[in-house]
Amino acid sequence: PTSAQVSAVPQPGRFRYTLDNGVLTTEQRQFYEDNGYLLIKKLVSDEDIERFRKEFVRICKKEVNLPGAMIMKDESLRSQYGQSEKVVNKVQDFQEDKELFRYCTLPEVLKYVECFTGPNIMAMHTMLINKLPDSDKQTFLHPMHQDLHYFPFRPAARIVCSWTAMERADQDNGCLVVQPGTHKEPLKPHGYPNLEGKTNKLFHGLLDEDEKSPRVHLVMEKGDTVFFHPLLIHGSGINKTSGFRKSISCHFASSECYYIDVKNTTQEHLEKELVEMVHKKYNATSVELRDIWNFRARLVQGERINL
């Protein structure tokens, strides 16, 4: 059930980042307002997670052709393992995969998403992450960053990420790390961190990171889901185990959000990088950042207004 009468305009007064539709308790709303994230235990069923896992394996084995998806691999492992999940560390933009995209339409997920976006909900950015075991190379460390750096749409308060653990995530296998309260700060400059040249494409991080800022490691069990604000500073550590740490996520936005021009902002260099990648991959000549996002975006609830 959705509360279509809820306006996606922030309520004046104490709640800036959540909407009043009777789903969140006052304590949960206050926690998100203060910290920029909210963890809901056991939200996604084991059965659904098993289905997502099977589909991921099929994608790794190339049994499924996914138009528009970006499948990121550790090329150094390919000679050893060939086409398998031991090589693929991320499937991004899975909006054309019927099975994985089910995640973005789960009523139990959308029920919470609506508390942040309002009733008209777009799925904007999808990812299944398979954090590979990492030795000392730190290849799959994701530096601390703000997701809004990647998004050319606003307002930030009507965007939320839903991130579900597909198995237990803890400090050993590189769980999410957040800096509570940083969602109240502005968007900061991002770039490639200085990790002795070992950087993953588009894994941008904060250029000026406050090492003293308190951090929380989000230990999560299978099916636990965290919702977080796009300005919340977060990242993930390396996977020191021999297993794979999988998670599935989607960034949702109110369809009442609007595109902005990122020229002359800290996001301009990202636009250039993304557009170049699209040129190479699809031989497309005139592409703008909003074209790329229009291609990714899917309406999952309510009506499509701007995005």
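Select Arg296 and Trp293 to begin: the charged end of Arg296 sits over the Trp293 ring, 4.4 Å from its centre. The call requires NZ of Lys or CZ of Arg within 6 Å of the ring centre and within 35 degrees of the ring normal. Now jump to Arg29, which lies over the face of Phe15 at 3.9 Å from the ring centre.

Some housekeeping before you go on. This is a predicted model, where local features need pLDDT of at least 70 and side-chain atom pairs count only at pLDDT 80 or more, while totals for chains, interfaces and linings use all residues. Numbering runs from 1 along each chain as its sequence is written, and side-chain values use heavy atoms, with hydrogens and water left out.

**Next stop: the rings**

Searching the whole structure turns up 9 aromatic pairs. Rings of Phe, Tyr and Trp (its six-membered ring) pair if their centres lie within 6.5 Å; planes under 30 degrees apart are stacked, over 60 edge-to-face, and the rest tilted. Pick Tyr32 and Phe116: this pair is tilted, with 4.4 Å centre to centre and 40° between the planes. Tyr32 belongs to helix α1 (residues 26–35) and Phe116 to helix α5 (residues 107–117), so the pair ties together parts that are 84 residues apart in sequence. Helices (H or I, at least four residues) and strands (E, at least two) are DSSP runs, numbered from the N terminus.

Are these two buried or exposed? Tyr32 counts as buried at 1% relative accessibility, and Phe116 is buried at 0%. The cut-offs are under 20% relative accessible area for buried, over 50% for exposed, and partly exposed in between (1.4 Å probe, protein chains only). Add Tyr112 and Phe227 to your selection, and you have a cluster linked by ring pairs with Tyr32 and Phe116.

**Then the cores**

Keep Phe227 lit and add Tyr103, Cys104, Val109 and Phe252: of the 40 residues in the largest nonpolar core, these five touch the most other members. Such a core is a set of buried Ala, Val, Leu, Ile, Met, Phe, Trp, Tyr and Cys residues joined through side-chain atoms within 4.5 Å. Which element gives the largest share of this core? That is α5, with 6 residues. Apart from this core lies another, of 23 residues, including Phe151, Ala156, Ala253 and Leu289.

**Into strand β14**

Colour β14 (245–254): 10 of its 10 residues are buried. Arg245, Ser247, Ser249, His251 and Ala253 point one way, and Lys246, Ile248, Cys250, Phe252 and Ser254 the other.

Zoom in on Ser249, which is buried with a relative accessible area of 2%. Beyond neighbours within four places in sequence, Ser249 is in contact (heavy atoms within 4.5 Å) with residues including Phe94, Tyr103, His125 and Cys161.

Now show the strands on either hand; two strands pair if DSSP finds at least two bridges between them. β4 (121–131) runs antiparallel to β14, joined by 10 bridges, and Met127 stands opposite Ser249. Strand β7 (residues 159–165) also pairs with β14 in the antiparallel sense, over 7 bridges, where Trp163 is the bridge partner of Ser249.

**Last stop: an open sheet**

Select β5, β13, β8 and β11: these 4 strands form an open antiparallel sheet in the order β5-β13-β8-β11. Its edge strands are β5 (142–145) and β11 (216–217), each pairing on one side only. Finish at the 2 bridges between β5 and antiparallel β13 (residues 234–236), where His145 stands opposite His234.
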